[in-house]
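This note sets out points for a colleague to check against the model. Please read each one with the coordinates open.

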Amino acid sequence: MNRIKKNAVISWGYNITRSQGLAKKLGFFDYHIKPKFTKQYLKPLNYIWSALSMFSFLVLNRPAKVVIVLPPVFLLYIAHLYKMVSLSKVHIICDLHNGVLRKEWVNWPFINYFYAKSNVVLSHNAEVKKSIDKQFLINSTVLSDPLTVYPNSKSNPLDICIQGKINVLVPVSYADDEPISEILESAEALKNDFNFILTGNYKKKFNDIKDLPITFTG
């Protein structure tokens with residue numbers, strides 16, 4: 001791998017499939033900045049650690065195009081700081097998700113200005129675009145995720161469905177505010193007639209899924 005990454009997709013966190021997919025499609029380097037501190041009272045330090053890691057990566061590698069996956073919105077400030085100190089022209093592409101509309105992210109200083117000064121702003125679906133454009137006074141471009149193709153599925157994602165049952169697709173991210181336990185209880189109670197299909201990285205919540213009455217897409 002070359003030391004100089006001319007184009008990069010940057011995200012903070014573990015195994016973010018959106019950034020992985022963008023990097024693969026665009027041919028960009030996928031740079032995940034993973035949290036360093038796990039103890040609860042030290043977790044705020046992860047933002048400082050991630051900010052320093054991101055800025056160091058940008059300065060050392062000097063990418064010409066930078067895709068930042070938001071939230072958290074700190075990436076936006078660091079990307080524009082890099083653009084200001086860089087001696088070459090830098091394109092900043094913001095990939096916005098509905099999380100940027102949460103109260104902890106919408107009112108950061110100059111946030112609308114930096115969105116407007118970015119070269120491209122993406123929204124991941126048409127409904128989210130409406131709220132994002134209204135909130136930040138921008139005109140974002142919708143770029144949806146492609147349907148996932150699973151190994152040994154004959155290139156047909158619908159092979160995750162079970163014939164003879166009612167298939168229920170439930171998009172989740174396994175966040176703390178999602179009713180995962182209730183979904184699991186429903187799947188167990190209705191398993192004879194229903195096939196619950198959960199998206200997302202199930203490893204965030206489950207270590208072993210072999211005995212669960214749910215189809216996981218991964």
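The numbered points below go from the overall fold to individual residues.

1. Basis of the note. The model is predicted, so local features need pLDDT of at least 70 and side-chain atom pairs count only at pLDDT 80 or more, while totals for chains, interfaces and linings use all residues. Residues are numbered from 1 along each chain as its sequence is written, and side-chain values use heavy atoms, with hydrogens and water left out.

2. Overall architecture. The protein contains 7 helices and 9 strands, taken as DSSP runs (helices: H or I, at least four residues; strands: E, at least two) and numbered from the N terminus. The C-alpha trace spans about 65 × 40 × 40 Å along its principal axes. Of the contacts with a separation of 6 or more, 60% link residues 24 or more positions apart; a contact here is heavy atoms within 4.5 Å.

3. Surface and charge. Of the 218 residues, 38% are buried; buried denotes under 20% relative accessible area, exposed over 50%, and partly exposed in between (1.4 Å probe, protein chains only). The exposed area is about 13,600 Å², with carbon and sulfur atoms supplying 57% of it, by the Shrake-Rupley method with a 1.4 Å probe. The 27 positive and 16 negative charges have mean positions 15 Å apart. Lys and Arg count as positive and Asp and Glu as negative, with His and the chain ends not counted; the charges are placed at NZ of Lys, CZ of Arg, CG of Asp or CD of Glu.

4. The largest core. The largest nonpolar core comprises 33 residues, and those with the most contacts inside it are Ile-10, Met-54, Ile-68, Leu-70, Cys-94, Leu-96 and Tyr-115. Helix H3 (residues 74-85) gives the most to this core, namely 5 residues. Such a core is a set of buried Ala, Val, Leu, Ile, Met, Phe, Trp, Tyr and Cys residues joined through side-chain atoms within 4.5 Å. Beyond its neighbours within four places in sequence, Ile-68 is in contact with Ile-10, Met-54, Leu-75, Leu-76, Ala-79, Ile-92, Ile-93, Cys-94 and Asp-95.

5. The second core. A separate core of 11 residues includes Ile-183, Phe-196, Leu-198 and Phe-206. Ile-183 belongs to helix H7 and is buried, because its relative accessible area is 12%. Neighbours within four places in sequence aside, Ile-183 contacts Val-170, Val-172, Phe-196 and Leu-198. Ile-183 and Ile-214, 31 residues apart in sequence, have C-alpha atoms 9.2 Å apart.

6. Helix H1. Which residues of H1 (residues 17-26) are buried? They are Arg-18, Ser-19, Leu-22 and Ala-23. These residues lie on the same side of H1 because they cover an arc of only 130° around the axis, judged from the directions from the helix axis to the C-beta atoms. Thr-17, Lys-24 and Lys-25 are exposed on the other side of H1. The cover over the buried residues includes strands S1 (7-12), S2 (29-33), S3 (65-70) and S4 (91-96). Just after H1, Gly-27 adopts a positive phi of about 75°.

7. Two cis peptide bonds. Most residues other than glycine have a negative phi, and most peptide bonds are trans. The bond from Leu-70 to Pro-71 is cis, with omega near 5°, and the bond joining Pro-71 and Pro-72 is also cis, with omega about 0°. Pro-71 lies in the loop between S3 and H3, as does Pro-72.

8. Positive phi outside glycine. Phe-110 has a positive phi near 65° and sits in the loop between helix H4 (103-106) and helix H5 (111-117). Tyr-174 likewise has a positive phi near 65°, in the loop between strand S7 (166-170) and helix H7 (180-189). Is each side of this pair buried or exposed? Phe-110 counts as exposed because its relative accessibility is 63%, whereas Tyr-174 is buried, with a relative accessible area of 5%.

9. His-97. This residue is placed in the loop between S4 and H4. His-97 counts as buried because its relative accessibility is 17%. Not counting residues up to four places away in sequence, His-97 touches Arg-18, Val-69, Leu-70, Pro-71, His-124, Val-128 and Ile-132. Among these, Arg-18 is one of the buried residues of H1, and Pro-71 follows the cis bond from Leu-70.
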